[in-house]
Amino acid sequence: MRASGVLLPISSIPSAYGIGTFSKEAYEFVDFLEQAGQTYWQILPLGPTGYGDSPYQSFSTFAGNPYYIDLEELVDQGSLTKKQCEECDWGGSEEYVDYEKIYQSRFKVLRTAFENSKIEENDDFHAFVRENDHWLSDYALYMSVKGSFGGISWSQWDEDIRLRRPEAVSSYKMKLKEEILFYEYQQYLFSSQWTRLKKYANNKGIQIIGDIPIYVAFDSADAWANPELFQFDEDGLPTGVAGCPPDIFSATGQLWGNPLYRWDYHQKTGFAWWTQRIAHCFKLYDVVRIDHFRGFDEYYNIPYGDPTAEFGTWEKGPGYELFKVLKEKLGNMQVIAEDLGFLTPSVIKLVKRTGYPGMKILQFAFDADGDSDYLPHNYTENSVVYTGTHDNDTTVGWFQSMNRKDRNFAKRYLNFKGSKNIEWEFIRAALASVSNMAIIPMQDYLGLGKEARINIPSTLGENWKWRMQKGQTTDELAQKIYEISKLYGRVRS
């Protein structure tokens, strides 16, 4: 079935108090998507973020980001006052998230709500804690211990708790009982509010596309609580870390630093952790995009401690066996395989064998010197087309920075001459293509330039900040999106 959707991170919603949340504005965005005839809302990973604010480096692959909890709902429930929220400094801009201010204010306000909540008397809360015990107890303890050590990574904790010696675990659980409860409370709020928003979207015919990184962060509850899953030495340090080798974009490659999986161990357990992880994802989302799908075929192993990614080696991943087990245990899953970058024949074969649609990016298509796989005439139906992703510039920003030769080629290919409202030419090309699914970043529908870019890979400090403004999702824009989507057969009949 042909369909289309919009990519907009939760953090980019124009909610009150400095960052997008599961607020009334999120519900209004769902209404906008329905009005615009869309079927999908794609978001970025929902996990709690740390240094660098990247949703792809989270403290837990199972937990949710407390930044997304709607404070206005807590005011309505009486555990906070509007004054307590307004007294905090959330940063001075409505266009960009100030993560430092959010970090300083958000937990202070949530702690006030926690102290007023009488959460221990709440039966639903206790049911949530029991149901999620397979990850929640480790996560809440991890964050509490991390806080007690001033926020440093678990690799720098005292040896007894770093290596999870039973007496140390018991001692910290007693000592940090209240703090652990606070982290469980945050996850309960996150889960309750997100479940309600997702249900609202589903009832309107909107499916949520979630996004998960293939790897977990080293500084995470997952790595600390389950060292056997990773390539760690006896001191709990990685023997090798993840990344990408040097290429035309980066002379020294990309050093991500994530721990690598011990795939032989995962295989012996029947991929139990992966089954748990993916099952959890399908509670949160309707469709799951798996980032860096190539890593399941072969992964790049960089010696731990190397300053660059130049001297890694390619090693064999689990291949199709993982997906065979997941399909047996979880049934048919709606997955999008992020198969971008250099693809070997074996990766192409793996994606094909899984049956999952791969990704097509229009911004990768217009090289005047060659016939790119990303040009629409080369697509197959079983694919998802994007004008760009969170890692690309906006279409307007990208087009303005293209060299003249490539820009002229794009104009010839798409048959347009001017340089005004060019984003609609690329949106039209995506929606007109044979790809069953087309996803357009909200910034492109708004015609925004490079100021609205979400992320520049391999850089720190200025990413994940852009926010949509109130009033930008107009009835006129919804109608325009509806009409162009309908024209190319992407609106539900």
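Which strands form an open sheet with antiparallel pairing, and in what order do they stand? In this predicted model, the open sheet in question is built from four strands in the order β5-β4-β7-β8, and its pairing is antiparallel. The edge positions are taken by β5 and by β8, which covers residues 313-316, and because each of these two has a single partner strand, one side of each is left without a neighbour in the sheet. If direction is ignored, neighbouring strands of this sheet are turned against each other by 50 degrees on average.

Strand β4, residues 240-244, can be followed through its pairings with two other strands of this sheet. With strand β5, residues 254-259, β4 pairs in the antiparallel sense over three bridges; V241 stands opposite P259 in β5, and G243 has L255 of β5 as its bridge partner. With strand β7, residues 298-303, β4 is joined by two bridges, again in an antiparallel run, and here G240 stands opposite P303. Strands of a sheet pair, in general, through backbone hydrogen bonds, which may be arranged in a parallel or an antiparallel way.

How many of the five residues of β4 are buried? Five of the five are, so β4 is largely enclosed by the rest of the structure. One residue in the range of this strand is C244, which counts as buried because its relative accessibility is 17%, a value that falls under the 20% cut-off for burial. Another cysteine, C281, is buried with a relative accessible area of 3%. For a reader interested in cysteine chemistry, the count of disulfides in the model comes to zero, where a disulfide would require a pair of cysteine sulfur atoms within 2.5 Å.

The other sheet to consider is an open sheet of eight strands, in the order β9-β6-β3-β2-β1-β12-β11-β10, and its pairing is parallel. Its edges are formed by β9 (335-337) and β10 (358-361), and since each has a single partner strand, one side of each is left without a neighbour in the sheet. Neighbouring strands here are turned by 25 degrees against each other on average, direction ignored. Helix α1, residues 24-35, packs on this sheet, where it touches β1 (3-7) and β2 (40-42), and the direction of α1 makes about 135 degrees with that of β2.

Within this sheet, strand β6, residues 287-290, has both faces covered, since V287 and R289 on one side and V288 and I290 on the other are all buried. The assignment of these residues to two sides can be read alongside the general pattern that, in a regular strand, side chains alternate between the two faces of the sheet. Strand β3, residues 207-212, is joined to β6 by four bridges and runs parallel with it, with D211 standing opposite R289. Three bridges join β6 to β9, also in parallel, and there R289 has I336 as its bridge partner. Elsewhere in the sheet, strand β11 (residues 383-386) and strand β12 (residues 437-441) pair in the parallel sense over three bridges, and Y386 stands opposite I439 in β12.

Strand β6 also meets a helix. The buried residues of helix α13, residues 320-330, are Y320, L322, F323, V325 and L326, and they pack against β6 as well as against α11 (263-268), α12 (272-284) and α14 (345-354). Just after α13, G331 takes a positive phi of about 80 degrees.

Two further helical regions complete this tour. In helix α17, residues 423-432, seven of the ten residues are buried, so the helix is largely enclosed by the rest of the structure; these buried residues are E423, W424, F426, I427, A429, A430 and L431.

How do helices α5 and α9 cross? The axes of α5 (residues 123-131) and α9 (residues 177-203) come within 10 Å and cross at roughly 100 degrees, and the two helices are therefore roughly perpendicular to each other. The contact is made by D124, F125, F128 and V129 on the α5 side and by L181, E184, Y185, Q187, Y188 and S191 on the α9 side. Sorted by class, this contact between α5 and α9 has six nonpolar, two polar and two charged residues.

Conventions. Residues numbered from 1 in each chain as written. Predicted model: local features only at pLDDT ≥ 70, side-chain atom pairs only at ≥ 80, totals over all residues. Heavy atoms only, no water. Axes fitted to C-alpha atoms, helices over the stretch in contact; angles between N-to-C directions. Parallel < 35°, antiparallel > 145°, perpendicular 65-115°, else oblique. Contact = heavy atoms within 4.5 Å. Nonpolar A, V, L, I, M, F, W, Y, C, P; charged D, E, K, R; others polar. Buried < 20%, exposed > 50% of the residue type's maximum accessible area, 1.4 Å probe, protein only. Pairing = 2+ DSSP bridges.
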